[in-house]
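This briefing is intended for a first-year student who is learning to read a protein structure. Please keep the sequence and the model in view while working through the points below.

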Amino acid sequence: MRRLWAIGLVRGLVGQVIGFLLGIGLLSAVRMALGLPWKAEPAWVVGGFGGVLGFMIALGAFRDWYAWALGRETPDIEDIEETPGWQRYLGYSLDHKVIGVQYGVLSLLLLAIGGTFALIFRTELAQSGMQFLSLDFFNTLIGMHGMVLIISILLGFAAMANFLVPLLIGARDMAFPRLNAFSFWIAVPASITLLSAIFLGGFDTGWTAYPPLSIRAPLGMQMFFVGVFFNGWSSILGALNLITTIIRLRAPGMSLFRMPIFAWATLATSIIALTATQLIGLSFQMVMFERLFGMGFFEPAKGGNPILFQHLFWFYSHPAVYIFVLPGLGVISELLPVFVRKPLFGYRWVAMSSLGIALVGFLVWGHHMFTSGMEEYLRVPFMYSTLLVAVPTGIKFFSWVATLWQGRIRTPVPMLFVLGAIVVFLMGGLSGPPNGVVATDLHLHDTYFVVGHFHDTMFGGYIFPLFAAIYYWFPKVSGRKLNETLGRLHFWLMTPSFLVMTFGQMWVGMLGMRRRIADYDPAQGFDTAHLVITIAGFLIGLSVLIFFINLVISLRRGEVAVGNIWQSRSPEWQLLPSPAPMHNYPQPFRVVGDPYDYGLKGSRYVEPLTQPAGD
């Protein structure tokens, strides 16, 4: 029992239960003292907040901050040596690589849960008529599928950024290691709270939680709000840490334009997350208060305006799309030169295009509202700003094609997923303008065409690059390579299945199939298409299951990775063993060249500081 209690995750879960009960008890006592009747919804909301706080206290997330408040000293991060072993990953660690793996495991767990939700409601949609789900549960699954996978993607970005950025820029750790650990661990009780919405009546609003429907939804709606609210904290604090790390902790000689593209993508992504995430938290908090205190922000009967919610919500939620895809586009640009053995074409343009996408991304939220009753004079400006996003995105595509041109292309599994990402993201890009042009969006909005477009964008911009990154950097985590045969099976099963699924979704969408509905008229002739879409979805699920099997097998019996297995110029492959040691580089290095000068004779990117600088 003592050994079990020593695991931070176990203490945290117990603390969440205790904090939840104390929160309910405190609220009940206050209402009783004021002579007010007991109500379930306020009690559960306060309990949800108490549960998150109880988790963090029991985990020990505030331990060092308590010490500083009392005037006590704590060990410097470079003097801390953590005991190796799997227990590190289930407790409060300050090593950015451990935290990156923790983020990654939670992200993949939520990916599996959210994907399972999709397979359940896709089974319902495989045939017209209601088969086995109730309307309420179908609506809950639709909403949870969307938000759980959005949280999974945010955590997946944090996983890649936490693990890779200090290694890529030559830092010993993140700028704020304790804040880094806090940012991860608060996402754990937040995700549990989010999932608890299923068991508290669910909700029927979809992941967007539009009022006034969300004002009248069951109790699960409030747990949805609380879970997203705290996951937003994780995103904001993590972004602040990443920006500071990139600006302040780069290796000597690493100017901004000698910085890896993934670091540029992380910087642009973090700027969005830091400055925009508050808006979704604010919009959800206002609905929460409207339910708890009877405020009239969005309820028309009380003088509120539901369009205000949409402005607040989409001002974050469209830039959030670039939080999802910018890191993936950075992975593509990072890995492509390695396997083409050529310099990345137009490096500076690619670097600045990430910032360009981040900037323009703040000016396009209104294209989600062309059919909502927004003022008509706003439609055309938002249409033009939406189409403008194609310019910096097109720069990236031009760079990738030019880099591939006449290259000596090798196709191990990471490169297969890079090429798949380019193709699938192109499909997402080409299907985007019809949704951004007013005349066509009025017909396509809220149809399955949007579903197909969005999944193309997310898979091409995030899922495929995520798998490429895992197959590429897995040896730096474990010291072993993922199985190549299983990896190829994963790719060749997932890619055609995914293309069939999304083309099918766009096809039925153009024929008039509405999204977020549980049933459809058999006279519309959609049964065969939905059956094919469902089969394709299950094949995608099978391919991801193969990936998980590959992870487990390779962790135990995978081929040992020795040396620079990809012939990369990046410092983590040039100067570190696999797996990477706790404090990264035992000897500092300086940057003496450009990061992607593959194939150029005599060129170097990094060298240890004890050696004289190169010419």
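**Unusual backbone geometry**

P579 is found in the loop that runs between α23 (571–574) and β1 (589–591). The peptide bond leading from S578 into P579 is cis, and its omega is near 0 degrees. The model discussed here is a predicted one. The points below treat its backbone, one of its helices, a buried acidic residue, its salt bridges and some pairs of residues.

**Cis peptide bonds and positive phi angles**

- Most peptide bonds are trans, and most residues other than glycine have a negative phi.
- A second cis peptide bond connects P211 with P212, where omega is about 5 degrees.
- P212 belongs to the loop between α8 (187–196) and α9 (213–216).
- A209 is also placed in the loop between α8 and α9. Although A209 is not a glycine, its phi is positive, at about 55 degrees.
- Is A209 buried or exposed? Its relative accessibility is 0%, so A209 counts as buried.
- Q567 likewise is not a glycine and has a positive phi of about 55 degrees. Q567 sits in the loop between α22 (527–557) and α23.
- With a relative accessibility of 37%, Q567 counts as partly exposed, because this class lies between under 20% for buried and over 50% for exposed.

**Helix α10**

- Helix α10 covers residues 220–248 and contains 29 residues.
- From its first C-alpha to its last, helix α10 reaches 43 Å, which is close to the 42 Å expected at 1.5 Å a residue.
- Why is α10 described as largely enclosed by the rest of the structure? The reason is that 23 of its 29 residues are buried.

**A buried acidic residue: E124**

- E124 is part of helix α5, which comprises residues 96–125.
- E124 is buried but forms no salt bridge. The nearest side chain of opposite charge belongs to R122 and is 10 Å away.
- Which backbone nitrogen does the side chain of E124 reach at 2.6 Å? That nitrogen belongs to Q131.
- A polar atom of the E124 side chain also lies 2.9 Å from the backbone nitrogen of L133.
- When neighbours within four places in sequence are set aside, the residues in contact with E124 are G129, M130, Q131, F132, L133, F138 and A518.

**Salt bridges**

- How many salt bridges does the count give? The count comes to 9 salt bridges.
- R88 forms a salt bridge with D95, and their closest N and O atoms are 3.0 Å apart.
- R88 has a relative accessible area of 17% and is therefore buried. D95 has a relative accessible area of 2% and is buried as well.
- K97 also forms a salt bridge with D95, with the closest N and O atoms 3.1 Å apart. K97 and D95 are both buried.
- R216 is paired with E299 in a salt bridge whose closest N and O atoms are 3.0 Å apart.
- The pair of R216 and E299 links distant parts of the chain, 83 residues apart. R216 is in helix α9, whereas E299 is in the loop between α11 (261–293) and α12 (306–317).
- The two partners differ in burial: R216 is exposed, with a relative accessible area of 56%, whereas E299 is buried, with a relative accessible area of 10%.
- Through shared partners, salt bridges join R88, D95 and K97 into one network.

**Separation in sequence and in space**

- L164 lies in helix α6, which spans residues 135–169. L164 counts as buried, because its relative accessibility is 3%.
- Apart from residues up to four places away in sequence, L164 touches F262 and W473.
- L164 and G541 are 377 residues apart along the chain, and their C-alpha atoms are separated by 27 Å.
- V552 is located in helix α22. Its relative accessibility is 52%, so V552 counts as exposed.
- V552 and L482 are 70 residues apart in sequence, and the distance between them in space is 9.4 Å, C-alpha to C-alpha.

How values were computed:
Residues are numbered from 1 along each chain as its sequence is written. This is a predicted model: local features need pLDDT of at least 70, side-chain atom pairs count only at pLDDT 80 or more; totals for chains, interfaces and linings use all residues. Side-chain values use heavy atoms; hydrogens and water are left out. Helices (H or I, at least four residues) and strands (E, at least two) are DSSP runs, numbered from the N terminus. The expected span of a helix is 1.5 Å times one less than its number of residues. Buried means under 20% relative accessible area, exposed over 50%, partly exposed in between (1.4 Å probe, protein chains only). Lys and Arg count as positive and Asp and Glu as negative; His and the chain ends are not counted. A salt bridge is a side-chain nitrogen of Lys or Arg within 4 Å of a carboxyl oxygen of Asp or Glu. A polar contact is a pair of N or O atoms within 3.5 Å; within protein, one must be able to donate a hydrogen and the other to accept it, and residues adjacent in sequence count only if both atoms are side-chain atoms. Contact means heavy atoms within 4.5 Å.
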